[in-house]
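User: Please take a close look at the interior packing of this model. Describe it in one connected account, and give the cut-offs behind the terms.

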Amino acid sequence: MTELQIVDVRLQRGQTTVFDGLKLQLTERRIGVIGDNGAGKSSLFRMLCGLETPATGQVQINGVPLLEARQGKPGLVGLMFQNPDDQIIFPTVGEELALGLRPKGLNKQQAMAAAREMLAQRGLAHWAERAVSSLSQGQRQQVCWLSLLIAAPSVLLLDEPFASLDLPGQAKLAQDIAAASQQILVSTHVLDHVRGFERVLWLEQGRIRGDGPGSHVCRAYEADVAARLAASAHSRAQGGALHG
Ligand SMILES: Nc1ncnc2c1ncn2[C@@H]1O[C@H](COP(=O)(O)OP(=O)(O)OP(=O)(O)O)[C@@H](O)[C@H]1O
């Protein structure tokens with residue numbers, strides 16, 4: 001099992017200090033990440049796969065600094081981007097899936113054959129030559145997931161992977177996540193997708209506000225949102241009474 005560790009990290013993005021003194025040990029097989037817009041979910045994932053470098057502190061894999069651990073092992077941590085257009089590089093679906101197999105030593109033909117086989121197994125054989133630009137947003141999100149699945153990194157980071165999927169697509173992805181043997185972290189605003197996870201992190205302005213079994217943490221976040229809504233309705237009503 002791969003163990004990700006965040007050791008006393010400060011992360012700066014532009015003018016924003018996203019994390020300051022963040023410490024986390026991530027050992028559970030399924031970890032959900034929830035919280036308001038701007039709480040730091042994407043930043044956490046980008047940092048865990050090396051796209052953002054902390055100003056101080058460190059991300060470690062099995063006790064080894066991330067950059068060192070990834071040398072010669074590009075398939076250690078994989079990110080499914082929130083926006084498919086940030087992830088997809090190649091013009092066709094087949095080529096995009098094949099890309100994930102090249103680090104495993106397959107040549108171009110072998111990688112394309114494996115990509116075609118995977119698509120065929122999922123009833124999507126006709127997608128192999130399909131231009132990515134001709135796919136809908138949800139279909140592009142599916143391609144991003146399949147790219148990660150075929151590349152099979154040890155740790156999968158899925159940043160709002162359900163966002164554009166239709167209901168059957170969401171159900172299929174949830175099944176795939178349940179069946180995968182790797183460690184998977186999922187950020188989402190749809191709490192039902194992570195409520196059953198053994199661990200959920202609730203981020204609030206870059207700090208850990210909740211950390212525990214999915215059912216407990218999701219309930220606590222929902223209660224907090226309800227309380228905030230009630231407080232703002234109350235203050236609006238008071239404002240109305242004052243001006244009435
Ligand atoms: N490229 C950037 N430059 C500067 N600040 C950024 C950048 N990207 C994000 N931020 C800031 O970092 C903080 C965390 O953003 P992040 O995207 O990690 O939040 P999030 O929890 O993923 O939000 P959402 O739910 O909207 O996707 C926010 O205050 C955001 O404004």
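Analyst: Leu185 is in contact with Ile31, Val33, Phe45, Leu157 and Leu158, with neighbours within four places in sequence left aside; contact here requires C-beta atoms, placed from the backbone, within 7 Å. The model is predicted, so local features need pLDDT of at least 70 and side-chain atom pairs count only at pLDDT 80 or more, whereas totals for chains, interfaces and linings use all residues. Numbering starts from 1 along each chain as its sequence is written. The chain has a mean pLDDT (the predictor's confidence in each residue, from 0 to 100) of 92, and 98% of its residues reach 70 or more.

Leu185 also belongs to the largest nonpolar core, which has 58 residues. Such a core is a set of buried Ala, Val, Leu, Ile, Met, Phe, Trp, Tyr and Cys residues joined through C-beta atoms within 7 Å. Val33, Leu48, Met80, Leu157, Leu185 and Val200 have the most contacts inside the core. Its largest share, seven residues, comes from helix 6.

Helix 6 covers residues 137-151 (helices are DSSP runs of H or I with at least four residues, strands are runs of E with at least two, and both are numbered from the N terminus). Its 15 residues reach 21 Å from first C-alpha to last, close to the 21 Å expected, where the expected span is 1.5 Å times one less than the number of residues. Eleven of the 15 are buried, so helix 6 is largely enclosed by the rest of the structure. Buried means 20 or more other C-beta atoms within 10 Å of a residue's own, exposed means 12 or fewer, and partly exposed lies in between, with C-beta atoms placed from the backbone. The buried residues are Arg140, Gln141, Gln142, Val143, Cys144, Trp145, Leu146, Ser147, Leu148, Leu149 and Ile150.

What do they pack against? The partners are two strands, strand 6 (77-80) and strand 7 (155-159), together with helix 3 (84-87), helix 4 (93-99), helix 5 (108-121) and helix 7 (167-179). After helix 6 comes Ala152, with a positive phi near 50°.

Val225, in helix 8 (residues 214-243), gives a contrast to these buried positions: Val225 is exposed, with 12 other C-beta atoms within 10 Å. Val225 lies 39 Å from Ala69, C-alpha to C-alpha, at a separation of 156 residues in sequence.
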